[in-house]
Amino acid sequence: MKVKSLLIANRGEIAIRICETAKKMGIKTYGIKTPKEPNAYYLNFVDEVVDFSEDLEEIPEFLDVERLIEAAKTSKADAIHPGYGFLSENPYFAKRCEEEKILFIGPSADIIYKMGNKTIAKQLARKHNVPLLQGSHSNVRNPEEAVKIANKIGFPVILKAAAGGGGRGMRIVEKESQIEKMFRLATSEAEKAFNDGSVFIEKYVRNPKHIEFQVFGDKHGNYIHLGERECSIQRKHQKLLEEAPSSALNEALRAEMGEAAIRIAKSVKYFTAGTVEFLLDDDKNYYFMEMNTRIQVEHPVTEKITNLDLIELQIKTAAGEELPIKQEDVKLDGWAIECRINAEDVQAGFSPFLGVIEKVQFPKSKHIRIDTGISDKSVVTPYFDSMIAKLIVHSENREKAIQNTINALNKFWIKGIKTTIPFCKAVLSHPKFKKGDFNTSFIEKEMKEMFYKGENDELLAAFFATFNHAASLETDRSTFVDFEKGKNISPWVLNKRLKSL
Amino acid sequence: MDINGKLYKKFLERNAAYSQQHGSVGMKKQHSKGKLTARERLMLLFDSDTFNEIDAFTKTSPSESNFGKVVNAYGDGVIIGHGKISGRPAFAYSQDFTIMGGSLGSVHAKKIAKIQDMALKMGAPMIGIIDSGGARIQEGVASLAGYAGIFRRNVISSGVIPQISVIMGPAAGGAVYSPSITDFVFMTNKTSYMFVTGPNVVKEVLNEDVSFDELGGAEVHMKKSGVAHFVYEDEENTLLGVKKLLSYLPSNNMENPPTAEVYEEKLEPESALLEIVPDDPNKPYDIKDVIKHIVDRDTFFEISENYAQNIVVGFARLHGRTLGILANQPKVLAGTLDINSSVKGARFIRYCDSFNIPLLTLEDVPGFLPGLDQEHNGIIRHGAKLLYAYADATIPKITVILRKSYGGAYCVMNSKNLGGDFNFAWPTAEIAVMGPEGAVSILYRKELIESDDPVKLKKELAKRYRDEIANPYVADEKGYIDEVIDPALTRKKLISAFEALENKHVNSPARKHGNIPL
Amino acid sequence: MAEKKKNKELEFIAVSTKNNKYKVKNIFSEDLKINYKKFDFQIFDDENGFTYIKHKNKKYHAEILEKNQNKYEILLNGVSYSFSIETPFSYTRKRYLDKQKSKSKVEILQAPMPGKIIDVLVEPGAVVKNGETVIILEAMKMQNEITIQANGKVTKVHVKPNDTVNKDDILIEVNL
């Protein structure tokens with residue numbers, strides 16, 4: 001089948017990113033307007049707006065399966081693209097699409113279910129000889145059971161939400177005494193985030209690298225991988241800066257891990273875009289973690305080094321087309337870095353920073369790509385995640401990519417809110433990062449300052465504050481207030497005012 | 001005159017003695033505590049070289065008994081005088097803590113009374129800088145009588161000339177009542193205190209340990225009691241604040257407020273106003289963002305910004321003219337009216353009315369704050385103050401309804417029939433007896449109980465209610481709203497509306513005074 | 001004339017939260033000096049509505065994020081700096097009062113962001129160590145562990161689970 005129209009069940013930059021490819025492919029797009037951000041920037045890019053803003057529902061708009069299905073049916077959209085987050089990895093949503101004969105841009109409900117359930121995913125991996133970490137082979141029911149398994153495989157261990165992703169419902173346990181508290185926290189967080197409180201336990205690798213492989217499959221039994229992405233710069237399991245390729249891999253390891261990733265995909269007859277996540281320890285042992293069955297936030301770095309449009313491939317393979325390329329056609333070219341620009345106060349523990357973006361100025365150059373869902377006067381609301389833009393820089397090698405990214409960040413100005421720009425600069429100028437010597441504990445262990453500050457910066461800020469203060473005192477002093485005018489009262493008023501005394 | 005003669009010599013001697021008294025010793029004492037001297041404060045308050053002291057050489061009358069120590073110093077612990085503030089005459093007294101702890105004896109009191117009388121006679125602002133240990137114990141009843149005289153003058157001057165109190169040290173016991181009668185109280189954080197009974201007495205009577213700061217520090221009076229209208233971190237900024245406040249006020253109740261030069265004619269539509277107020281009636285926003293976009297740039301000067309924050313009051317300039325602004329703050333308690341905010345609002349309206357300052361009301365109020373606590377503490381009585389103040393005020397009064405305007409709160413907030421001169425509404429306004437959910441539950445109680453899907457029915461009915469009743473158009477068609485305006489044009493509309501009202505005058509029936517529900 | 005001369009001699013001290021001092025003299029004149037050294041800055045407003053400082057041929061994006069009386073929060077190249085701008089006299093006063101303050105030893109833990117209290121892990125009387133998690137606060141769908149930055153004894157707990165708090169609300173008081 002050929003996709004003619006597409007409902008985008010997402011917002012922000014990814015909605016815009018999907019529109020771009022859709023436009024290129026001649027697909028009509030429908031976007032959803034929510035009451036939470038009725039003037040959102042992404043609505044300018046869709047061909048037609050489906051208005052969800054009239055009625056407030058209990059369920060958030062992008063999680064309301066039936067409402068979205070209904071919207072697709074009334075607007076006669078052939079397909080739904082879920083983006084990332086929200087319902088992108090919800091098997092029920094995919095199933096409802098299948099039932100309603102709407103094409104879900106992603107794998108089948110069955111595949112999503114299998115890969116989404118980490119216990120099943122691990123069993124599949126084991127069956128197909130993909131290395132795994134030791135742990136519970138299924139969900140852990142209570143703290144006592146957790147203690148038993150933990151003692152068997154040895155501390156530290158990690159508790160993870162079976163339905164999870166994105167760092168929610170994850171807790172590291174260093175010693176036995178903490179396990180009960182952490183179990184409680186992990187289950188309650190998992191319950192909230194995914195409506196499923198089940199957790200499993202596994203050996204915790206200290207300071208691993210987080211390496212993920214982009215894979216594709218089609219419905220005709222073809223599979224490829226597009227190389228890896230290095231996502232080790234994380235804070236509380238939230239990725240903040242990614243690059244492709246990774247300096248930790250050589251050709252042989254890349255090929256080996258790529259094949260392992262493809263074996264995972266094959267095990268479920270995977271089709272469309274997927275990401276296989278591995279942990280890589282200091283001795284270059286890799287362990288399968290999970291497979292994400294959606295397009296990833298950080299997909300642009302892969303696009304840059306492969307010169308492919310992943311959304312296009314995703315839509316095509318979802319619609320049943322054959323993959324247009326073979327593994328040998330995939331050539332990695334140069335180096336790409338992505339910085340996530342989040343509306344967060346880095347200096348206050350990365351807490352969300354809400355407010356109005358008064359002005360924004362993006363850096364411009366041929367090797368710079370900006371994916372963003374904001375523009376001047378956009379509002380950062382508490383309802384959605386804090387990412388407002390992604391800066392992607394592509395250069396011939398890692399060294400140049402780092403320098404070009406720093407230069408780009410210096411020209412990336414946002415007025416009105418605090419962002420992670422100074423943080424990204426700090427990462428990129430850190431000597432260990434430059435050497436490629438880093439892992440997932442980099443932020444916690446290596447970074448003394450979470451933000452980049454030049455030698456004279458505080459002095460300049462002090463000068464700026466003083467200058468403005470002196471100027472405001474000057475304005476107060478020189479504001480000409482005409483007290484005489486107050487005495488010139490019209491005879492009409494004066495007369496009456498006197499009489500009424 | 002013979003400048004070497006005896007007469008002139010005596011004059012020079014006295015001056016020298018006086019200078020010495022205000023010299024380094026006392027100055028050091030004050031400075032070491034982070035405080036300025038009484039004289040330095042006056043110098044900062046008044047335009048340079050304009051302050052003239054009077055009664056500099058008064059002395060304590062010889063005491064009848066020798067109880068306690070009497071310091072023989074010129075001025076008796078207070079400086080009084082007159083000068084110009086931003087070019088306009090003003091009168092002031094400043095207590096000197098270095099002389100007998102700034103305590104108030106009969107001579108001290110007489111001096112303050114003298115300057116108060118002058119200010120009233122001249123129709124000029126009166127500023128009191130307070131830094132005093134209270135009534136001078138040695139002088140007994142004479143100092144108490146002195147206080148009473150000051151209070152009476154405060155009351156007589158009230159509503160005739162602006163009276164401002166600046167607390168820069170202790171103000172204890174009876175001394176606190178003079179500031180509380182005056183129009184505005186400034187405090188300097190960490191070095192000023194106000195309380196009726198001090199920590200020692202609290203300890204003796206109630207056996208509670210409480211520090212000066214906890215009992216009557218600037219923070220307490222700014223946030224909890226509402227006694228202090230303005231709090232600054234240091235004395236220089238406090239005095240700058242006094243000057244700034246005065247720039248909005250007329251010298252007396254016969255004058256109109258002063259006009260400032262208009263630097264920029266900002267008349268084009270302000271599209272930001274469309275963004276600030278969310279359509280969703282349950283979403284909060286900061287009303288100060290709205291105010292900022294309506295008034296002249298950087299002219300909003302908020303009063304009591306940390307007290308009863310569900311109402312925002314302050315002065316601003318609109319096209320150069322002073323304007324009083326009273327606005328509900330949806331960010332705090334959803335902008336509901338409670339006891340404290342009603343009283344805060346009412347007092348502000350009374351002030352504006354006394355001094356011919358036009359009043360703008362920005363309304364987004366879901367109603368009065370419900371609850372046992374509010375009812376038992378007399379929200380009826382206190383809410384009535386706000387209503388009374390609005391209805392009683394004869395100044396130009398304009399209301400703009402931004403969003404919610406429900407029930408009794410609609411009536412209170414300067415509605416048309418309460419005496420609003422112009423009542424505007426934005427298209428987002430919801431004017432009704434109550435919010436949609438509540439109204440529907442009452443009107444369709446039976447239908448809702450019997451319905452198979454009450455949630456859905458309720459939502460449909462609420463939508464109908466919004467379409468048919470709770471919108472600005474019904475009120476507009478009935479004349480309770482003069483005009484539904486484009487939010488972006490609010491500033492322009494208000495400028496011309498206030499211009500139209502410039503010569504407003506209302507003849508009130510002859511009476512001694514009304515009986516506001518105090 | 002006298003007035004003008006006075007303004008020229010204006011002296012300010014910008015004090016950062018970490019107590020770094022910047023003595024700024026002759027702010028509006030060519031002879032601008034910071035900490036007695038001559039500095040060459042220019043402030044520009046560009047056509048896009050950004051303000052930047054030019055110093056040694058480099059551009060620094062600067063904005064006032066918050067202003068309250070003489071307290072400023074500045075964003076310079078996205079990094080926030082807070083200052084109070086003092087005059088020589090008010091600076092002496094500040095130093096004197098800060099000295100007084102350090103005598104009272106109470107650490108107050110405030111909510112770093114608005115959210116809902118999930119769990120309170122300490123009770124009044126509990127002894128806490130620097131870096132210990134005392135409260136779990138849910139914001140932006142994430143559970144955040146709020147840690148105390150002092151050693152001491154908890155005197156007051158102002159919140160309980162399921163309370164919603166605003167930014168800067170006082171959560172816990174600790175006597176050092």
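## Briefing: salt bridges, interfaces and one buried threonine

Asp131(B) and Arg41(B) join their side chains in a salt bridge, with N and O 3.1 Å apart. Asp131(B) sits in the loop between β4 (126-130) and α5 (141-157) of chain B, while Arg41(B) belongs to helix α3 (residues 38-45) of that chain, so the pair ties together parts that are 90 residues apart in sequence. Both Asp131(B) and Arg41(B) are buried. The model is predicted. Over all chains, the structure holds 70 salt bridges.

**Salt bridges within chain A**

- Side chains of opposite charge can pair when their charged atoms come close.
- Glu145(A) and Arg141(A) form a salt bridge through their side chains, at 3.7 Å from N to O.
- Arg141(A) has a relative accessibility of 66%, so this residue counts as exposed.
- Lys453(A) and Glu458(A) form a salt bridge at 3.9 Å, N to O.
- Is Glu458(A) buried or exposed? Glu458(A) counts as buried because its relative accessibility is 11%, under the 20% cut-off.
- Its partner Lys453(A) counts as partly exposed, at 36% relative accessibility.
- A network of salt bridges links Arg17(A), Lys24(A), Glu303(A), Asp309(A), Glu312(A), Lys316(A), Arg369(A) and Asp371(A).

**Thr372(A) and its surroundings**

- Thr372(A) lies in strand β19 of chain A, which covers residues 368-372.
- Thr372(A) has a relative accessible area of 11%, so the residue is buried.
- What does the side chain of Thr372(A) reach at 3.1 Å? The side chain reaches the backbone nitrogen of Ile374(A).
- A polar atom of the Thr372(A) side chain also lies 2.8 Å from the backbone oxygen of Ile388(A).
- Ile388(A) appears again among the contacts of Thr372(A), once neighbours within four places in sequence are left aside.
- The other residues in contact with Thr372(A) on that basis are Glu13(A), Ile16(A), Tyr41(A), Phe362(A) and Ala389(A).

**Domains of chain A**

- The domain assignment of chain A gives domain 1 (5-105) and domain 2 (134-203).
- Domain 3 (206-332) and domain 4 (334-462) complete the assignment.
- The C-alpha centres of domain 2 and domain 4 of chain A are 33 Å apart.

**Interface of chain C and chain A**

- Chain C brings 59 residues to this contact, and chain A brings 51 residues.
- The two chains bury about 5000 Å² between them. Carbon and sulfur atoms account for 67% of that area.
- How many salt bridges are counted between chain C and chain A? The count is two.
- One salt bridge pairs Arg184(A) with Asp119(C), whose closest N and O atoms are 3.4 Å apart.
- Between these chains, 10 residue pairs are in polar contact, both residues being at pLDDT 80 or more.
- Strand β7 (residues 58-68) of chain C gives the largest share of the side of chain C that touches chain A, with eight residues.
- That side of chain C has 34 nonpolar, 14 polar and 11 charged residues.

**Interface of chain C and chain B**

- This contact takes 13 residues from chain C and 19 residues from chain B.
- About 1200 Å² is buried between chain C and chain B, 51% of it on carbon and sulfur atoms.
- Which three residues supply more of the area that chain C buries against chain B than any other three? Gln69(C), Phe89(C) and Arg93(C) do, with 53% of that area.
- Zero salt bridges are counted between chain C and chain B.
- Seven residue pairs are in polar contact across this interface, both residues at pLDDT 80 or more.
- On the side of chain C that touches chain B, α1 (2-8) and α2 (88-101) of chain C each supply at least two residues.
- α2(C) gives the most to that side, with five residues.
- By class, that side of chain C has three nonpolar, five polar and five charged residues.

Notes: Residues are numbered from 1 along each chain as its sequence is written. Chains are lettered from A and ligands numbered from 1 in the order in which they are written. Side-chain values use heavy atoms; hydrogens and water are left out. Helices (H or I, at least four residues) and strands (E, at least two) are DSSP runs, numbered from the N terminus. Buried means under 20% relative accessible area, exposed over 50%, partly exposed in between (1.4 Å probe, protein chains only). A polar contact is a pair of N or O atoms within 3.5 Å; within protein, one must be able to donate a hydrogen and the other to accept it, and residues adjacent in sequence count only if both atoms are side-chain atoms. Contact means heavy atoms within 4.5 Å. Domain bounds come from an automatic or database domain assignment. Buried area is the accessible area (1.4 Å probe) that two parts lose on being put together, summed over both. A salt bridge is a side-chain nitrogen of Lys or Arg within 4 Å of a carboxyl oxygen of Asp or Glu. Ala, Val, Leu, Ile, Met, Phe, Trp, Tyr, Cys and Pro count as nonpolar, Asp, Glu, Lys and Arg as charged, and the others, Gly among them, as polar.
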